[in-house]
Amino acid sequence: MQRLLSPRTMAFIGGTQVEYTLKTLRTVPFEGDVYVVHPKRKEIAGYPCLPSIRDLPEAPDAVFLAVNADASIAALNELRGLGAGGVVCYASGFAEIGEAGMERNRRFIEAAGDMAVVGPNCYGLVNYVNHGSIWPSLYPKLENRRGAAVVSQSGNVTGHFVANDRSVPFSYLISAGNQAVLGFEDYIDFLVDDPHVTCLGLFMEGIRDVPAFSAACLRARAKQMPVIVCRSGRSELGAAMAASHTSSLAGQNEYYEALFKRLGVIETDTVPQFLEMMKVASIAEPLAGPRISVYSSSGGDNGLAADYCSFAGLELPAPDASQIATIRPMLPEFGHVSNPLDFTAGYWGQEELLTPMFTTMLSGDYDAGMLVIDYPPLGSARTDTSAQDAMDRALAAAGKATGKPVFHASVNTGGITPIASQRLIAQGIVPLQGLHDAAVVIAKWGEHCVRMRNDQAAGQPLDALLPHRAKPLGGKSRSVNEAESKRRLAAYGLPVPAGQVVSRADLSLLPEAFPKPMVLKVLHDAIAHKTEVGGVALNIMSRDDAIAASERMIQNVAHHLPEIHLEHFFLEPMQAPPLAELIIGVKRDPLFGMVLVIGAGGILVELLKDATPLLLPVRREDVEQALRSLKSFTLLDGFRGRDRADLRPVVDAILAIASYAQDNLETLLELDVNPLMVNANGVVAVDALIVEAAAIAA
């Protein structure tokens, strides 16, 4: 990787794409040696050609390989034998075409050996650090050699990043393609130590190895290196229904979100947010918190700013009495001191008036300041920006006087020209395009800064945040009946009712009358969902009620599942109506490992789909935060004057389920506790289902 990204010698192998790439290389001269290989041509783009790889005078550090798929494999074998460093492979026709390309993909990986191979099926890389770029298109020149390092699974989207006009500083942009050899985890692990890298930006469609990716992201987090993600394909949940309801509550999209939150990865929703977030992470000072003061000459702009900042989670505290007393005489008679502050159109461009006003505001209980104005667009009749420049100087002066970060946000995307952006950056102001995105990225930056401070304060290694790796299970799955499932979970501390297993013969030995209402349920490993086969009877008050209910259940089961001969039942006390019902599930995912799902239970499972997934292992604070994130949490928090639930036993019960899952990683396929009834001072698991399978032999 070091040779690939800091090359002294480069080789280009191929025809048309090589020609495009060499022409680009000439626009930003590379100081090292360049070799070109083509069996038939004498020169390409002014560079002399060698007839074969064998004729290279030395082992190149970085290679652009732009030949067809099978020829790429042969060339990789030669380059590996020669001792090449890294290779960017342009060809397609590998794993992306499915089964037909898998054998070719295997041979490709074998041929790569220990070389740093980018791709295949990728566009190349832009290197702003030493200009050893392998990029077939022209790209903007940047004065900096330090900035965000971008790794993208899409070559075309990488091109969009390269061509942006948002003044994002870059160090490297890498089109990673299929990631046959190098994956996100490899790029992160290397780039986090590069002094030219300010943050890591990942455009992804998926992750090939979640534990390895997690370890790399946690290493970046330990080094205080922001990792920023923009992901496509989020609308496809991809959760397959299985034996439990848990599978339908959260899918791949939610699992990615849970993973990123756990690792401290900053997730963005759009490409503009992704670019703005990398810019903020590269040039903004740390934020102490979410409190921001906003300034504009327009009530409408301030209204939008208030909305977007609030939606993003930023706080806009009102000025205190001393600030109001200081600023009020500075404003026109009709002016009003507030946050956002409308300094009125009459003060447009008045640097000497705005500087003390902005400084006084920012001196208060705020963590950052933001000016909201747009510049005239490029090519418009209005070219004078002296007023905007004056207001920015006032903002910069306020930031320097108070030692707090300051931002300039335009209302429109593109409301700050590239030339103006550079002026702002030179003054210590972070320019942000589009007010909505500005609020979002400032809020995310503040959350990241707080997380980094908390990490430092804790002073503990982050290894505990690594998600469990769950090996795939083979063989036929097996459902564990309710009585046995509850017995196992109760051994880990999960509260369950005092139930008993009864046979058909035992029913006649029951007491003639019960002191409290009971529930009778069918009991069989092959019956996962008892209500669907008419296998639950409530309000059983006597022996006769139990016998009659059992006969109905036998008939119901015979109708739905004639292959099952029902012999046993489960009898337990009915529970009083709870404050709320939860579903607690564990799902084995082939990519994410063991996923704990906490959601609204009972009849609300399918109705609300109100659930939060967490990757195992979990901490107590993770569980409580997940509970509080539920829309239905109000039912536990004193809804309409009802009792407020003590969360400690709720969290204890969930941790008991998680502990069972962790201790049974080798066999647990999924687990359902639904409902977990929550009362003011305790919980009880009314139903439970464990599904297990055998591990695949190594």
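The legends below describe close-up views of a predicted model.

**View A. An open sheet of 4 strands, paired in the antiparallel sense.**
The strand order across the sheet is 20-23-21-22. Strand 20 (500-503) and strand 22 (536-542) are the edge strands, each with pairing on one side only. From one strand to the next, the twist averages 35 degrees.

**View B. The pairing of strand 20 with strand 23.**
Strand 23 covers residues 568-573, and 4 bridges connect this strand to strand 20 in the antiparallel sense. One residue pair to look for is V501 and its bridge partner in strand 23, F570. Strand 20 is an edge strand of the sheet.

**View C. Helices 17 and 18 against the strands of the sheet.**
Helix 17, made of residues 482-490, lies across strand 20, strand 21 (513-523) and strand 23. The angle between helix 17 and strand 23 is about 50 degrees. Helix 18, made of residues 543-560, lies across strand 21, strand 22 and strand 23. Helix 18 runs at about 160 degrees to strand 22. Strands 21 and 23 thus appear in the list for helix 17 and again in the list for helix 18.

**View D. Strand 10 and its pairing with strands 8 and 9.**
Strand 10 spans residues 170-175, and 6 of its 6 residues are buried, so this strand is largely enclosed by the rest of the structure. Strand 8 (residues 125-127) pairs with strand 10 in the antiparallel sense over 3 bridges. Within that pairing, Y172 of strand 10 is the bridge partner of N127. Strand 9 (residues 147-152) runs parallel to strand 10, and 5 bridges join the two. Here A148 stands opposite F170 of strand 10.

**View E. The β-α-β unit that contains strands 9 and 10.**
Strand 9 and strand 10 form this unit together with helix 5, residues 155-162. The unit is right-handed. Its two strands run parallel.

**View F. The crossing of helix 10 and helix 16.**
Helix 10 consists of residues 271-283 and helix 16 of residues 435-458. Their axes come within 9 Å and cross at roughly 50 degrees. That angle makes helix 10 oblique to helix 16. The crossing of helix 10 past helix 16 is right-handed. On the helix 10 side, the residues that meet helix 16 are P272, Q273, E276, M277, V280 and A281. On the helix 16 side, they are H436, D437, V440, V441, K444 and W445.

Definitions and conventions: Residues are numbered from 1 along each chain as its sequence is written. This is a predicted model: local features need pLDDT of at least 70, side-chain atom pairs count only at pLDDT 80 or more; totals for chains, interfaces and linings use all residues. Side-chain values use heavy atoms; hydrogens and water are left out. Two strands pair if DSSP finds at least two bridges between them. Axes are lines fitted to C-alpha atoms, for helices over the stretch in contact, and angles run from 0 to 180 degrees between N-to-C directions. Contact means heavy atoms within 4.5 Å. Buried means under 20% relative accessible area, exposed over 50%, partly exposed in between (1.4 Å probe, protein chains only). A crossover is right-handed if, with the strands pointing away from the viewer, the path from the first strand over the helix to the second runs clockwise. Angles under 35 degrees count as roughly parallel, over 145 as roughly antiparallel, 65 to 115 as roughly perpendicular and the rest as oblique. A crossing is left-handed if the near helix is turned anticlockwise from the far one by less than a right angle, and right-handed if clockwise.
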